[in-house]
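Q: Could you walk me through a few spots in this structure? I'd like to start with what a contact means here.

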Amino acid sequence: MPDIAQSPQPKILVLATLAGGYAGADSTGQSHLDYPANTYVLPVMCPVMFPPEFFVRAFERGIDGIIIMYSGTDSPYKVEADGTAKLINRTYQLMKERGIDIRRLRLAAICTVCVKPFLKEVNQMAELLKGIGFVKNELASRNASAQGAPA
Amino acid sequence: MPDNDKLKIAVYTCYCGGNISDVVDCEKVAKAMGSQPDVVVSRTDMSLCSDAGQSQIEQDIRELGVNRVVIGSCAPTLHEVTFRNALIRAGLNPYLYQHVGLREQDSWVHSNDHAGATRKAMHLMKAGIAKARLLHPLEPIRLQAEKQALVIGGGVAGLRAALDIAQQGLRVVLVEKSPFVGGRMAQLEAVFPTHENARDLLRGLIKKVVNHPGIKIYTQAEVMGVAGYVGNYCAQVIQHSRGVTEENAEALLSACQQEVPDEFNYGLTRRKTIYRPYPGCYPPLPAVDWDNYQGEPISLNGGEPIVLEDVPTSVDVNVGAIVVATGFDPYEPRQGEYGYGELKEVVTLPQLIRHLALSKANHALEWNGHPVRDVAFIHCVGSREIEGVDEPHEDGRINNYCSRVCCTATLHTTEELRQHFPGLNIYDLYQDIRTYGRGHEDYYRDALLGGVRFVRYHGEEHPQVTAASAGDTHPVLIRVKDSLTYNEELEIPVDLVVLAVGMQPRQIDKLVNMLKVSRGTDRFLLEVHPKLRPVETAVNGVVLAGTAQGPMNIQESLSAASAAAAKVVALLGRGRVELQPFVAAVDAEKCNGTGACVEICEYEGAIAVQTFTENGKEVKRAVVTPANCSGCGACVAVCPNHAINVQGWTLSQYEAMVDAIASDIPNMAEVA
């Protein structure tokens, strides 16, 4: 069983669009509704700017779960909805190749006032990480397997 | 970063009057940040946005030579601009500033976990510092702007926007697709909540627009192409011939024999293919309906028959901004939906309004020559449709949105009916009554007190409208479960059924593609943000007015139009535009012109590969036109050479922030 119950907690990175998830996170704050403090929200204009390698790098540096909170089909950017879905698919492929559990990366459409969906996504990811543990353990296990040592 | 050794970062952790410091140990955060490399000062403050707080920042910049500023405080939407301005006052480039949200995204959401919130604040601040190290001075994009706007759509919103813009000294080109201005409002009679006549109101507005020397109106015209960028758009406008002249108009109108259904009366009447929609329309000159006129020769005064010809003309107009005011279409029920199209006693609310206008002289309400004793209104037709319950439309979608205006419009019409035809029995079949506007609830109250019988149905169980059996007293029978009476099944015999149809976006696919504006899932046009950037689209210089962006009543359409006009005036009023510098920028040393960025880019003219001659050799390189770039960054992800980035939001900045969040804080042990 992973050492997730111990401090420090696994880290959740939220990449949230300014027109969607980031404002949704602010709305959640304005409602004074709690969620795990190991969640870090960074604003993005549009998630299509990130190549799949960016996410894999983040996992390799110790980010345990990433949620992309975009505006979906309501995005002001024409490319966002389709482009982000394609990006996720490419990233999942790369994550599989690198031995990273693809459940660590989620895509969610979050609007400016989507307080409940925001909380749901964060809490679901926190619950998932309790189950699957730190990414560094997963990667260590992968490396050990690659070198032929017992995991 | 070539100037790394010269970095001097000032870090401020704001108490926000206790909003942050009641949960986050700001002193510990400040202490931890003070030990970060390149940080020359790390302070806390009770309220950094106060004059004193801002003065401290300015003083540190001047006295300590600070060249990067990181502030942890409330949400950036509140005070990012405030603090950027403090940097400007102290002589520092405002883009050497990084804002960290410690209130909405930390203290207010972790009130039960002070240690966790403090740890998080440290990581977020450290990420802010990491990004600040990689910030570069940026300059707003400054462009000369054409002090002229294009307004697409001559309905009430387009007219209002045009007038507001022109009254601020800018020129306006107004393009209306139909031969007459006025739009949907012209088809209404008395309008809520003031009961003024719609066309009288319009007439006053049209008069001002027509008489304004700064407004040029093209009717029977369409925008066929748009090139350029904010401040410097060039629109190609095609205008069809009027088909008649002042001299021959009345004679042609009189001699024209061909008739088609009159869309002004929603098909209740017919009109000629040379027509005026209503007396007092503008322009007053009749027009030829080229869609239906099929070249029939028309004889004038026994002379040689003449064949009218459409000879479109093209004009290019240079404008700095574009107002999209293309309006809406009323929902057209499907054949058989509540009996529509199958039972002649089933009509839409817009049709009833026109019918009442056409039959004003009558003392009794009649339909198809028969007296109407009982009439039923059904709300939410073509609105609030439910996935899996309602049949999808041709495009596979359902209208799950509320059209907002139909409740009040329906109740307003029932009031008109009660006043003119006191003996009429009125049934109102609704899901929810949404009379949300000021004074609108009065219509509901008056209808209740005035004897309108309300029946509440559920959206998953629509009323059934059928032809009555032979010999019944009324031609139509409605069966409905009434949730107000514990789902009692009612049978309501009526003479007329009125469907309160909702609003749908107009078919403007060509225009949407041309302007690269976005549509929501409801297919109406999308503003960037309903609160932060209302009526603005993601395309710089393109704004929305009225029902093109969603169901609105006249009052709201006018407000939106004035908001759009204000945006245009603010944008173009000085003759130049200043845009945020967060657009793509190419690293000339890394770019070898693969063109991957051009291929992925959705924005016309934003990026192109150009050939340069350097040291006698031809080299290819991507070149960004900042004014056309939205800053979405799609090009960043696909560049094989990592040669392109969005200024102020670069990949390396994100990587640095991720590393900071993933890392440990040196004196974390003191906190946890």
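A: Two residues are in contact if their C-beta atoms, placed from the backbone, lie within 7 Å. Please keep in mind that this is a predicted model.

Q: OK, so leaving aside its neighbours within four places in sequence, which residues is A545(B) in contact with?
A: Setting those neighbours aside, A545(B) is in contact with A157(B), G158(B), A161(B), V323(B), V324(B), A325(B), V535(B), A560(B), A561(B) and A564(B).

Q: And how many residues has the largest nonpolar core?
A: That core has 190 residues, and those with the most contacts inside it are V323(B) and A545(B). Its largest share, 10 residues, comes from helix α13 (residues 554-572) of chain B. A second, separate core of 48 residues includes L417(B), I426(B), I492(B) and L499(B).

Q: Switching to α11 (residues 441-449) of chain B, which of its residues are buried?
A: The buried ones are Y443(B), Y444(B) and A447(B). Seen down the axis of α11(B), these buried residues fall within an arc of 100°, so they line one face of the helix.

Q: What covers them?
A: The cover over the buried residues of α11(B) includes α10 (406-420) and β24 (425-430) of chain B, while the face turned away from the buried side carries the exposed residues R445(B) and L449(B).

Q: Now N38(A): buried or exposed?
A: N38(A) is buried, because 24 other C-beta atoms lie within 10 Å and the cut-off for a buried residue is 20 or more.

Q: Where is N38(A) placed?
A: N38(A) is in the loop between α1 (21-30) and β2 (39-44) of chain A. Apart from neighbours within four places in sequence, N38(A) is in contact with Q9(A), P10(A), K11(A) and I12(A).

Technical notes. Residues numbered from 1 in each chain as written. Chains lettered and ligands numbered in written order. Predicted model: local features only at pLDDT ≥ 70, side-chain atom pairs only at ≥ 80, totals over all residues. Helix = DSSP H or I, 4+ residues; strand = E, 2+ residues; numbered from the N terminus. Buried ≥ 20, exposed ≤ 12 C-beta atoms within 10 Å, placed from the backbone. Core = buried A, V, L, I, M, F, W, Y, C linked by C-beta atoms within 7 Å. Arc of directions from axis to C-beta.
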